[in-house]
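Biologist: I would like to learn how to read a protein model step by step. Could you take me through some features, giving the general idea and then the case at hand?

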Amino acid sequence: MAAAEPAARKRRPKGHFAAGAGRAKRPRGAGRQLEAGMRGILITCNMNERKCVGEAYSLLGEYGDLLYGPEQFSDHEERLSGSDREEDEDDVEAALKKEVGQIRASTEQKLRRFQSVESGANNVVFIRTQGIEPENLVHHILKDMHTTKKKKTRVILRMLPISGTCKAFMEDMKKYTETFFEPWFKAPNKGTFQIVYKARNNSHMSREEVIKELAGIVGSLNPENKVDLSNPQYTIVVEIIKTVCCLSVVRDYVLFRKYNLQEVVKSNKEDAQQNPSSVTEQNSEVAKAETEEQEKSSKEVKEENRNQSEIESEPKGNDALIV
């Protein structure tokens with residue numbers, strides 16, 4: 001009987017270890033959710049969200065410092081100045097705790113410009129930004145990588161700036177975009193455009209309705225705004241995750257390979273071989289339904305080429321805006 005008692009004490013309730021494992025795998029940013037009103041950068045990755053967050057912090061930190069300068073912290077130096085008094089600490093344990101606290105505070109301050117939050121979708125990371133323009137920063141990153149052809153990430157696939165977010169309900173989106181689109185499309189501003197659309201973990205929104213309504217709003221801001229699937233000046237990005245609609249208006253969407261960091265660093269030979277007709281053909285491919293993010297680039301090209309003739313035969317109405 002005595003031998004059986006220790007074994008009995010070691011038993012754990014059913015599901016104990018499963019619950020513990022779930023907590024251990026909880027993604028970074030847990031507790032902070034993507035919500036309407038946030039701005040930032042939406043990043044898709046290849047099955048490793050934790051590593052994606054690390055790569056994102058490194059890449060955004062590098063270019064953020066170049067464009068905006070090192071982030072300033074008003075109370076950072078004051079906290080570090082306290083280390084001068086560590087010599088007076090007789091208690092080694094207290095001094096150690098103090099040092100750990102300073103390191104933790106310093107790390108939290110460093111992440112203030114870029115902060116990971118839960119996106120609400122698998123293989124998608126959202127980095128909330130403060131005090132910067134996401135579209136300018138991401139465009140600068142892609143432009144530099146396109147020029148240097150220097151690969152800087154392994155798991156990050158696409159990096160999309162999100163300049164505004166609202167609730168993913170048609171009335172909210174219509175009201176929000178009437179103002180959001182003004183800097184690009186309200187008279188006297190004008191431009192050619194296309195719309196790319198993606199929804200994740202959302203079943204209540206109608207793809208066709210969203211495309212039609214947003215295109216109508218752009219047209220109402222200035223009748224000279226025209227749809228152009230071959231060589232648009234602007235690409236309107238619509239990313240819906242659960243009940244949040246993420247929006248941005250970007251440039252060079254096709255040139256930068258749909259803002260794919262893995263594709264944009266390809267050899268310069270491909271760019272040098274492009275002529276006007278091939279550029280037009282490549283731009284038309286943006287109008288096709290996007291393949292899954294984790295497919296190989298060669299498979300994406302084959303799929304897009306196979307559907308090329310079908311898309312070119314469709315009328316360029318609002319339905320043709322769907323990507």
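Modeller: We shall go through the sheet, the helices beside it, the nonpolar cores, one residue in a strand, and the salt bridges, keeping in mind that this is a predicted model.

Biologist: Let us begin with the sheet; in what order do its five strands lie?

Modeller: In general, the strands of a sheet pair through backbone hydrogen bonds, and they do so either parallel or antiparallel. Here the five strands form an open sheet in the order β5-β9-β8-β6-β7, and the pairing is mixed. At the edges are β5, residues 164-167, and β7, residues 226-227, each of which pairs on one side only.

Biologist: In which sense do β6 and β7 pair, parallel or antiparallel?

Modeller: Strand β6, which covers residues 192-200, pairs with β7 in the parallel sense, and two bridges join them. If you look for Thr 192, you will find Lys 226 of β7 standing opposite. On this sheet also packs helix α9, residues 207-221, which touches β6 and β8 and whose direction makes about 150 degrees with that of β6.

Biologist: Which strands does α7 lie across?

Modeller: Helix α7 lies across β5, β8 (234-241) and β9 (244-250), and it runs at about 155 degrees to β5.

Biologist: How should I read a nonpolar core, and how many residues has the largest one here?

Modeller: The general idea is that, in soluble globular proteins, nonpolar side chains tend to be buried together. In this model the largest nonpolar core has 32 residues, and among those with the most contacts inside it are Ile 43, Leu 60, Leu 137 and Tyr 259. Two or more residues come from each of β1 (40-45), α3 (49-68), β3 (124-129), α6 (134-148) and β4 (156-162), and α3 gives the most, with seven residues. A second, separate core has 26 residues, including Val 210, Val 218 and Ile 236.

Biologist: What does Leu 137 touch, when residues up to four places away in sequence are not counted?

Modeller: Leu 137 touches several residues, among them Ile 41, Leu 60, Tyr 63, Leu 67 and Phe 114.

Biologist: Now for a single residue in a strand: is Thr 235 buried or exposed?

Modeller: Thr 235, whose place is in strand β8, has a relative accessible area of 2%, so it counts as buried. Its side chain makes a polar contact with the side chain of Gln 194, at 3.1 Å. Leaving aside neighbours within four places in sequence, Thr 235 is also in contact with Val 196, Ser 248, Val 249, Val 250 and Tyr 253.

Biologist: Finally, how many salt bridges does a search of the whole structure find?

Modeller: The search finds 10 salt bridges. To recognise one, look for a side-chain nitrogen of Lys or Arg within 4 Å of a carboxyl oxygen of Asp or Glu. Glu 171 and Lys 174 fit this description, their N to O distance being 3.9 Å.

Biologist: Why are Glu 171 and Lys 174 separated by about one helical turn?

Modeller: The reason is that they are three residues apart in helix α7, residues 170-180. Glu 171 is exposed, at 56% relative accessibility, whereas Lys 174 is partly exposed, at 23%. Together with Glu 213, these two residues are linked in a network of salt bridges. Elsewhere, Lys 266 and Glu 263 meet in a salt bridge at 3.0 Å; Lys 266 is partly exposed, with 24%, while Glu 263 counts as buried, with 14%.

Technical notes. Residues numbered from 1 in each chain as written. Predicted model: local features only at pLDDT ≥ 70, side-chain atom pairs only at ≥ 80, totals over all residues. Heavy atoms only, no water. Helix = DSSP H or I, 4+ residues; strand = E, 2+ residues; numbered from the N terminus. Buried < 20%, exposed > 50% of the residue type's maximum accessible area, 1.4 Å probe, protein only. Pairing = 2+ DSSP bridges. Contact = heavy atoms within 4.5 Å. Axes fitted to C-alpha atoms, helices over the stretch in contact; angles between N-to-C directions. Core = buried A, V, L, I, M, F, W, Y, C linked by side-chain atoms within 4.5 Å. Polar contact = N/O pair within 3.5 Å; in protein donor to acceptor, adjacent residues only side chain to side chain.
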